[in-house]
Amino acid sequence: MSQYPRDKAIIALSDGTVEHGFAIGKKGTTGGELCFNTSMVGYQEIFTDPSYYGQLMMMTYPHIGNYGTMSRDDEARKVMISGLIVRSFSWEHSNPQADGNLQEYLERNEVVGISGIDTRKLVRHIRSKGVMNAVISSTELDEDKLVEKAQNWDDMVGLELATQVTREEPGTAHSDGPFKVAVFDYGIKQSIIDNFVERGCTLRIFPAKGDYIDELKQWNPDGFFFSNGPGDPDATSEYALEVVNYAKSTGKPLFGICLGHQLMALSEGIATKKMFVGHRGANHPVKNKETGLVEITTQNHGFAVDEDDLDEEKVEVTHINLNDDTIEGLRFKNFPGMSVQYHPEASPGPHDSRYLFDQFIDMIKEGKQEPA
């Protein structure tokens, strides 16, 4: 077996915790909010999920890179995480379908990372102390300087990040079906687009921020979708609520996922909150209160709708997280709308929740007065 580089690297947390390991990816320094994902597979889909923009990703599964990378698995045009932390890094891969190895992929996308870290220890630390900022470096090895840098890193609360990951101009995803859906891209994943197109929806996809009301009126969509994305929903709402409120005024069906779910709640005056740790993984149990069934879901969020600020005259809770009873889904009473906190497209993850796309299509059919 060939000898791989063992260049030193350090991860320093804002509370003074420091761990030493070995450099992977690009040489350099990076920082962000330190979070962890419990998925056993799908690391490439996780790395390219725009909802992770501005965050350091720590994978709890110990072996990362085993099956290399494939361009078809990208959820966005580039890697979105700020940095990567793993226990054991695979420089070689055993998948004959792969385009290349993970090291090449990280270098090409300019991602700084660290391996050889006791991720179990660090995850337990985060779960007990709460989410915090951290810095990874393979070029600066002074612990005190790195801790100070982590302490000075921008906090996620108050950060507006959707405009950093959205598209620059409106675009269209065509289908042969009869439905038209206006989509607002706060960091939309490709698999969400694919799920709509597969169900006969032609999408007109708009950037997160801009004046598109006239174009929306002219295009006359059958429904509106508000996507996932990074950052603080309160900060995003400063510009996003205008189009959410316009969509509500049309009487057409609305559907929101993750950040879109939070924005729809905010449009009804229901607050959001920063979570102590957040939910990130592909194994979270969620109960559908309408059917009584439990779904195993894919999750990626550090903010949530505040259950203490619910108004039962405006919303009905449709889904709850069975780990901590947080809100996972809402149905709106003052307009035809539904939203979920988790990711029903499930890339990566189980497909238990893809029926939600079908439910939205049923709402569109009802609005068009077509037979279901």
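Start with the cysteines: a search of this whole predicted model turns up zero disulfides. Select C35 and look for its closest cysteine sulfur. Which residue holds it? That would be C258, with its sulfur 12 Å from the one in C35. A disulfide needs the two sulfur atoms within 2.5 Å, so this pair is too far apart for a bond.

While C35 is still highlighted, turn on the surface. Buried or exposed? C35 counts as buried, at 2% relative accessibility. Now jump to C201, which is buried too, with a relative accessible area of 0%.

Next, colour residues 7-137. An unreviewed UniProt entry places the feature "domain: Carbamoyl-phosphate synthase small subunit N-terminal" on this stretch. Over residues 7-137 you'll find 18% helix and 34% strand. Click the C-alpha atoms at the two ends of the stretch and the distance comes out at 11 Å.

Staying with that selection, zoom to S39, in the loop between β3 (29-37) and α1 (43-47). Loop or not, S39 is buried, with a relative accessible area of 4%. Show its side chain and trace the polar partners. One is the side chain of N37, in a polar contact at 2.7 Å. Another spot to check is the backbone nitrogen of A282, which lies 3.3 Å from a polar atom of the S39 side chain.

Last stop: expand the selection around S39. What does S39 touch, once residues up to four places away in sequence are set aside? The list is I46, M59, Y61, G281 and A282. So A282 shows up here as well as at the S39 side chain's polar atom.

Methods
Residues are numbered from 1 along each chain as its sequence is written. This is a predicted model: local features need pLDDT of at least 70, side-chain atom pairs count only at pLDDT 80 or more; totals for chains, interfaces and linings use all residues. Side-chain values use heavy atoms; hydrogens and water are left out. Buried means under 20% relative accessible area, exposed over 50%, partly exposed in between (1.4 Å probe, protein chains only). UniProt positions are given in the numbering used here, feature names are shortened, and annotations may be inferred rather than shown by experiment. Helices (H or I, at least four residues) and strands (E, at least two) are DSSP runs, numbered from the N terminus. A polar contact is a pair of N or O atoms within 3.5 Å; within protein, one must be able to donate a hydrogen and the other to accept it, and residues adjacent in sequence count only if both atoms are side-chain atoms. Contact means heavy atoms within 4.5 Å.
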